[in-house]
Amino acid sequence: MQLCLCSNFEDVRQGLHRITEILKSWDIGGDDLLRAEILLAEVLNNVVEHACADLPPSEIDVSLELRGTDLHISVNDRGRAMPEGKLPVAQPGLRGSDCAQFREGGYGWALIRDIASDLHYSRVSGRNTLSMTLQCTEIVMPG
């Protein structure tokens, strides 16, 4: 499945709704659907908020492919490159009772890394591509 979104929060919100409906039609549900929604919301909102901020509107291409119980996801955009040309390091988890010491934000990459596997980033000809796999556990495969 291919989906093209505009690099703004409204289009991302509508796109996430369409993606959810498609995933449901592929019999992805329960925790797998929730994890897919969180993963895609974090990735797509990061593209809008960081890669495409203050740039003219552009397209974000999302590709989803279900291979067995693995959901392969690719997100492609013309925004700014990742800092240093590589995936950000995830913030450490919240530990201890004094949460005031932690800054707000920056935990999205921890979620992304926790949910997805096979994360790969590349930038070619001014385009960012982030690919990843979500391993689904609740899909009933035809016998």
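**Exercise 1. Determine which backbone nitrogen a side-chain oxygen of Asn8 approaches at the start of α1, and describe the helix that follows.**

Step 1. At the start of α1, the backbone nitrogen of Glu10 lies within 3.1 Å of a side-chain oxygen of Asn8. This satisfies the criterion for a polar contact (a pair of N or O atoms within 3.5 Å; within protein, one must be able to donate a hydrogen and the other to accept it, and residues adjacent in sequence count only if both atoms are side-chain atoms). The model is predicted: local features need pLDDT of at least 70, side-chain atom pairs count only at pLDDT 80 or more, and totals for chains, interfaces and linings use all residues. Residues are numbered from 1 along each chain as its sequence is written, and side-chain values use heavy atoms, with hydrogens and water left out.

Step 2. Helix α1 covers residues 9-25, 17 residues in number, and spans 24 Å from first to last C-alpha, close to the 24 Å expected at 1.5 Å a residue (the expected span being 1.5 Å times one less than the number of residues). Helices (H or I, at least four residues) and strands (E, at least two) are DSSP runs, numbered from the N terminus.

Step 3. Just after α1, Asp27 has a positive phi of about 65°.

**Exercise 2. State which residues of α1 are buried and what covers them.**

Step 1. Asp11, Val12, Gly15, Leu16, Ile19, Thr20 and Leu23 are buried (under 20% relative accessible area, with exposed over 50% and partly exposed in between; 1.4 Å probe, protein chains only).

Step 2. Their cover includes β1, α2 (30-51), β2 and β3 (70-77), where contact means heavy atoms within 4.5 Å.

**Exercise 3. Establish the order of the strands in the sheet.**

Step 1. Five strands form an open sheet in the order β1-β2-β3-β5-β4, with antiparallel pairing (two strands pair if DSSP finds at least two bridges between them). The edge strands, each pairing on one side only, are β1 and β4 (117-124).

Step 2. Five bridges join β1 to β2 (residues 59-67), and Ile60 is the bridge partner of Leu5. Eight bridges join β3 to β5 (residues 127-135), with His72 opposite Thr133.

Step 3. In β1, Leu3 and Leu5 point to one face and are buried, whereas Gln2, Cys4 and Cys6 point to the other and are not.

**Exercise 4. Identify the residues with the most contacts inside the largest nonpolar core.**

Step 1. The core has 36 residues, and Ile60, Val62 and Leu71 have the most contacts inside it. A nonpolar core is a set of buried Ala, Val, Leu, Ile, Met, Phe, Trp, Tyr and Cys residues joined through side-chain atoms within 4.5 Å.

Step 2. Its largest share, nine residues, comes from α2.
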